[in-house]
Amino acid sequence: MTTAMTANVTDLYPSRGATEVSTPRQDPVVWGAPGTPGPIPAGDLQSFERDGFLAVDQLIGTDEVDVYHRELERLIADPAIRADERSIIEPKSKEIRSVFEVHKLSEVFAALVRDERVVGRARQILGSDVYVHQSRINVKPGFGASGFYWHSDFETWHAEDGLPNMRTVSVSIALTENHDTNGGLMIMPGSHRTFLGCAGATPKDNYKQSLQMQDAGTPSDEALTKMASEYGIKLFTGKAGSATWFDCNCMHGSGDNITPFPRSNVFIVFNSVDNAAVEPFAAPIRRPEFIGARDFTPVK
């Protein structure tokens, strides 16, 4: 799809066509110049470039975890938040699944976004000032909370939000312990170097369905089998306060949580100010701004 604002922007990553298409990555993984100062050691940056992710055992301390977890509980208990369109409800249990734009709903989470341990790593990886493309808390209570099927975030952000290039990084900060049994994050190491353009047109207002269960933008079983055979699958576990940074094009997902142990996290997506969204590349309309920001103000 070409629109007025994408007409002069080359679509490096075609998707949502008649067939599934595999495209080699056209962009750097680490955009910052070698030796750029920041909180990530050089060796860890090299690992991020190779694997597409970086695990940090304790990004925030125990006392801080308590503050953020209490704020999460406050938000999901607030009837006004539940009624807000930024809250996504589980289809079966009717419990809150996610709350978007939490850095605007909560000064507690806004402060976390500005924390140099967080935004400093994003600037170092992306080599520029950054803004928040998306933020949310994910609430995965025990006894049946549904997972997130395999996908590349960039595929959606490119197709439906209009991000031109792979100059975006996410961080998932655990607010409860991530066991190997309670629906933790899984990533295919190295998958960030290949873009998988999915088959099938994007329905109007696709986000209303996809935030509960992914459909458009879902890779085929054959493609996932091939990628998993080539790259393997890494499952992330860790104490509350641990974090996983991952490239926007990593193939990732998470399973259902049928254990009694909840898994909650805060999820922040930083995009380079030099990669601001244009019009969607493969969708009839933009997604709402609480999902794909149009405010490109740098985080300070």
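The legends below describe close-up views of a predicted model.

**View 1. Helix H2 and its buried side.**
Helix H2 comprises residues 62-77. With 16 residues, H2 reaches 23 Å from its first C-alpha to its last, close to the 22 Å expected at 1.5 Å a residue. Val-65, Tyr-68, Glu-71, Leu-72 and Leu-75 are the residues to locate here, and they are buried. These residues lie on the same side of H2, because the arc they cover around the axis is only 130°. An α-helix has 3.6 residues a turn, so residues three or four places apart point the same way. Thr-62, Asp-63, Arg-70 and Ala-77, on the other side of H2, are exposed.

**View 2. The surroundings of H2.**
This view turns to the elements against which the buried residues of H2 pack. Among the helices, these are H3 (79-83), H4 (102-105) and H5 (107-114). Two strands, S5 (130-140) and S13 (263-272), are also packing partners of the buried residues of H2.

**View 3. Strand S5 and its pairing partners.**
Strand S5 is mostly covered, with eleven of its eleven residues buried. S5 pairs with S4 in the antiparallel sense, over three bridges. Within this pairing, Val-99 has Ile-137 of S5 as its bridge partner. S5 also pairs with S13, again in the antiparallel sense, over ten bridges. Here the bridge partner of Asn-138 is Asn-265 in S13. Strands of a sheet pair through backbone hydrogen bonds, either parallel or antiparallel.

**View 4. Glu-101, between S4 and H4.**
Glu-101 is placed in the loop between strand S4 (96-100) and H4. The phi angle of Glu-101 is near 55°, a positive value in a residue other than glycine. Glu-101 counts as buried because its relative accessibility is 12%, which is under the 20% cut-off.

**View 5. An open sheet of four strands.**
The four strands of this open sheet follow the order S6-S12-S8-S10, with antiparallel pairing. Strand S6 (148-152) and strand S10 (234-235) form the edges, each pairing on one side only. Strand S8 (residues 185-187) runs antiparallel to strand S12 (residues 251-254), and three bridges join the two. One residue pair to follow in this view is Ile-187 with its bridge partner His-252 in S12.

**View 6. Helix H7 on the four-stranded sheet.**
Helix H7 (residues 153-161) packs on the sheet formed by S6, S12, S8 and S10. H7 touches S6 and S12, and its direction makes about 70° with that of S6. Nine of the nine residues of H7 are buried, so this helix is largely enclosed by the rest of the structure. The buried set includes Phe-154, Trp-157 and Ala-159, as well as the charged-type names Asp-153, Glu-155, Glu-160 and Asp-161. Gly-162 follows H7 and has a positive phi, near 85°.**View 7. The contact between Arg-287 and Asp-161.**
Arg-287 is found in the segment after S13, whereas Asp-161 is one of the buried residues of H7. The side chains of Arg-287 and Asp-161 are joined by a polar contact of 2.8 Å. With a relative accessibility of 9%, Arg-287 counts as buried.

**View 8. Gly-255 and its contacts.**
Gly-255 lies in the loop between S12 and S13. This glycine is partly exposed, with a relative accessible area of 27%. Gly-255 and Gly-147 are 108 residues apart in sequence, but their C-alpha atoms are 4.4 Å apart in space. Leaving aside neighbours within four places in sequence, Gly-255 is in contact with Lys-140, Gly-147, Gly-183, Gly-184 and Met-186.

**View 9. Arg-16, before strand S1.**
Arg-16 is found in the segment before strand S1 (21-24). The phi angle of Arg-16 is near 65°, which is positive in a residue other than glycine. Arg-16 counts as buried, at 7% relative accessibility.

**View 10. Ala-33, between S1 and H1.**
The loop between S1 and helix H1 (42-51) holds Ala-33. At 48% relative accessibility, Ala-33 counts as partly exposed. Ala-33 and Ile-291 are 258 residues apart in sequence and 30 Å apart in space, C-alpha to C-alpha.

Technical notes:
Residues numbered from 1 in each chain as written. Predicted model: local features only at pLDDT ≥ 70, side-chain atom pairs only at ≥ 80, totals over all residues. Heavy atoms only, no water. Expected span 1.5 Å × (residues − 1). Buried < 20%, exposed > 50% of the residue type's maximum accessible area, 1.4 Å probe, protein only. Arc of directions from axis to C-beta. Contact = heavy atoms within 4.5 Å. Pairing = 2+ DSSP bridges. Axes fitted to C-alpha atoms, helices over the stretch in contact; angles between N-to-C directions. Polar contact = N/O pair within 3.5 Å; in protein donor to acceptor, adjacent residues only side chain to side chain.
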